[in-house]
Amino acid sequence: MTPLFALLFFEKDPLNWSNLTGWSLIYYIQTVGGFATFAVFLWLLIGYPRSRREDIQAIPALQRFLFFVGAFLSIPMLLWQAAVLVEIALQAVTAGPQAQEGGGTVAASIPGLGFIIRTAFPFRPIWFHTVLTIGGLGGILAVLSPIISNLFHYRLGRLRAVARLAFKEGIRQRVLYAFSGLVFVALFAGWFVNTKPSDEIRTYVYIAYFSIGSLLLVTGALLAGMSLPGDMRRQSLQTVVTKPVERFEILLGRIAGFVQLMTLVLLVMSGLSLLYVMRDINPEASRESLKARVPIYGNLRFLNLPSNSGGTEARGENVGREWDYRGYLPGSRATRANPPQAVFEFQEIPTSLLQRDSIRAEFTFDIYRTTKGNENQGVAVRFAGFGPNYTVGAEEAWRKERKEMRDAFIAKGQELDAKAELNIDNELAKKHGYYEMPSLPVFDYQTASVILPAGLIAKDVTSASVGKSGKPVFPIVVKVSCLEPSQYIGMARYDFYLRADDDASRLDRLWFGLNYLKGAIGLWMQLVLLVTVAVVLSTYFSGVVAFLVTLKLWVMGWFREFVAQIAFGANVGGGPLESMLRLVRRDAPATKLEDTPVNQAAFRFDEFYRGAMRIFLDLFPDMERFDFTIYVQEGFDISWGLIGVTFVLLIGYLTPWIVLGFYLLRWKEVASAN
Amino acid sequence: MAGDAVVETQKLTKIYRDFWGRQKKTALRALTFEVRRGEIFGLLGPNGSGKTTTIKLLLGLLFPTEGEAFVLGKSSNDVRKNEKIGYLPEESYLYRFLNAEETLDFYGRLFDMDGEVRRKRSMELIEKVGLKNDRKRILKEYSKGMRQRIGLAQALINDPELVILDEPTSGLDPLGARWMKDLIVELRNQGKTIIMCSHRLEDVQDICDRIAILSNGELQAYGRVDELLQDTRRVEMRATGLELSENLRNDLQQLVLKYGGKVDSVGHPTTTLEDYFLKIVEESSSRPGRRFLPPETKN
């Protein structure tokens, strides 16, 4: 049988609900509140003196109250912003060659949301964050005051009317049909792409998502961006605005209408492309990718590494690979007392596993050889499973009893088939909370599996807890050790997982199909993002400009990490002026530049540029979070939890945009557009 | 705001500015007037005099630079005032991809009207404006007159207290214009207040109770039409059952001279071209096949 390659790796940890609380939430409030506070400050500085007395007096009492409370609370945030601006200016003035080493700013990231923190964010005192968070909330309250005070006047019926109008407008624009037709052309790109048979699904999924995504996203942004400016140009918006419809309802209705329309198109396209992807699949490709594996990931730590003198470490050995995604586990003899081990601790398991006889664990490891070893043979690896019933030293008893039971079974003249072995293993696993696979050959990057007896897990321990001894008790723990002293096994947290789904299920095609549609939800979220931003921008800019700015934000969102590296001076080659100087002089990107006046000027400009980029970095959406293609390609289930968290992230990103749109449309003199 | 005033402006001023806030044009300067409940009020003036700016300020489509405007007791910027307003824009700026039914349904929904009420009202208005047979056609296919009719229907969908009409007879043929004027008068008779601005002075004279004349953004004249148009220097007498003979002319001239006056002219009055046109069209409907033959073809 051909080797199996099905590997899902994550440069960034996948999102989970815990990412939406704690520091991430505080950071969100401070960031959005920071922008809101600055907007309030600008209005007080420029807008208020230019406002008519009559208009100020006409502001409802509730709105006035909320604004004053919010503005007062946001004063510390404003002071902090002033301090940050002074800091950026000072950094620009004092920037020297040290800037090219990334010494100017401390960068840190919060796992999950991918937010890059401007200054060592979580490491400031609690009182500081408390004051700043309250300030941020104050800014948000002040900015939201007109929306809150008018909340009871918004009507769902009117919003739906505007949405229906946008929907009909989109349907009756022929541009939609033209773009949809192009998608079908793109779907046949597979005819011209040469792929390995086993990569068929990967390639088809990629082509389908890429063609649907890129064309529909462009169409969505185009329709949404052109709509309101077109309405203003044709003056049909004037007639609408003379009805008792709030401008906020017009904005939300437009967004909702185009989202509805594009959702419908996406549904049809996804359904049709699924038929395209699933037609006449090669058996090898089916075995690898025509699935929706439901992985349960554990936390990984390493034990007894030589580098940490017997302690534990989150990361394994570094073998000098450029990509430091994996840590490496050195090999040792099987007889060694405390061998280096990789420990996968599973915090939670679904109760469905309790109904089974066995648990399938799959893994894909990287082999790093320091000697040639045995040709065409894998590296021997031992897997040991530990359940909550495990007591220290149970290994020896387990081995002894297992041998006795197997011998007794054979002595009775019965055949020791897989089922009988599993029965024995389950019985012993229940008794000792232990199971081991003494030696299994592991091949470089090939996906293999270990069958663990379900007797390891216990009904009353499906999630991690603290035991009587005060030590943590996990539902299941798997320890991996390499048995060949001159070899290293590279692994990351996501390289080893338990399968929560039933591998023996004959419904693979169905689950894959559903997973494919879940993957389209990622495209849908991108659509929502682009449509919303395009509609918001079109309240101020012309249609073409709104469309182009939206596309630019989308593209920049895909390079957000790189933009962040530049913003924090973490990239090689420096900022824009420095890298231009290097290009002109043909200097290597990593060399240190001399301390000349020209270089100094470049460093200072770049530092100022970085400061500005750091301020506006959060305007770029983290587009990678909305892309689920890799899951579908590799045959891994996209959990509803992940979809839910990503959706919350989307709402979090779009809410400030919608509020911006509210103000832009509110201040717009609809009739002055002619 | 006076008790019977539906619209009131106080020193309403609109200055258009460029992106940098520099003054581009003063469209309206310190306009103060009021419109009373149940009247037809006309806004007159040459192009660029500030009529449409005034209407847009009243509707909240533009924001005043100075002064205030109150409509139905609320500030012109208050969206809630629109619940009792119907507006017919000059060009009937409607969505051309919708048909008549969809158009009225859409605007009805904006008033948060109940579905059944909305449908009933839409059908009534479609019949009223004579578009029953064309109600399924999209507005893109409509003539200008038909668009004006459906525009009026959308303005009346909420049974408004105040109807604002910007050039209501613009683009209509004389029959359509007469129909529109009759409808405006009918609306007034139903107790609604109407503000209209028009270039067609005869329309304004026909139906408006009071007018305001604007020029260069400033109010030049304001009051009841009959009072403003009354020429106290002239005397007019109308009579029927007489033949205009030379003796009659001489006698009339003597009488006028006796009282110190001067006869400008004596003759038969002429009707308006509009009335004549309507009479001819009506006759052609009642006597089909009749046509005018030029003199040289009569023999």
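**Exercise 1.** In what order do the three strands of the open sheet that contains E16 of chain A stand, and in which sense do they pair?

*Solution.* The model is predicted, so local features are taken only at pLDDT of at least 70 and side-chain atom pairs only at pLDDT 80 or more, whereas totals for chains, interfaces and linings use all residues. Residues are numbered from 1 along each chain as its sequence is written, and chains are lettered from A in the order in which they are written.

Begin with the order, which in chain A is E6-E16-E9 with antiparallel pairing; strands (E, at least two residues) and helices (H or I, at least four) are DSSP runs numbered from the N terminus, and two strands pair if DSSP finds at least two bridges between them. Next come the edges, where strand E6 (327-330) and strand E9 (366-369) of chain A each pair on one side only. Finally, E9(A) is joined to strand E16 (residues 487-491) of chain A by four bridges in the antiparallel sense, and A:Ile367 has A:Ile489 in E16(A) as its bridge partner.

**Exercise 2.** Identify the edge strands of the four-stranded open sheet of chain A, and follow one of its pairings.

*Solution.* The order is E3-E17-E8-E12 in chain A, again with antiparallel pairing. Strand E3 (295-297) and strand E12 (447-453) of chain A are at the edges, each with a single partner strand, so one side of each has no neighbour in the sheet. For the pairing, strand E8 (residues 358-364) of chain A runs antiparallel to E12(A) and is joined to it by seven bridges, with A:Ile359 opposite A:Leu452 in E12(A).

**Exercise 3.** Decide how the buried residues of helix H15 of chain A are arranged around its axis, and name elements that cover them.

*Solution.* Helix H15 (residues 543-558) of chain A has 16 residues. A residue is buried if 20 or more other C-beta atoms, placed from the backbone, lie within 10 Å of its own, exposed if 12 or fewer, and partly exposed in between; in H15(A) the buried residues are A:Gly543, A:Ala546, A:Phe547, A:Thr550, A:Leu553, A:Trp554 and A:Gly557. They cover an arc (of the directions from the helix axis to the C-beta atoms) of only 125°, which puts them on the same side of H15(A). The face turned away from this buried side carries the exposed residues A:Lys552 and A:Val555. What covers the buried residues includes helix H8 (200-234), helix H14 (508-538) and helix H16 (560-567) of chain A.

Terms used
The expected span of a helix is 1.5 Å times one less than its number of residues. Two residues are in contact if their C-beta atoms, placed from the backbone, lie within 7 Å.
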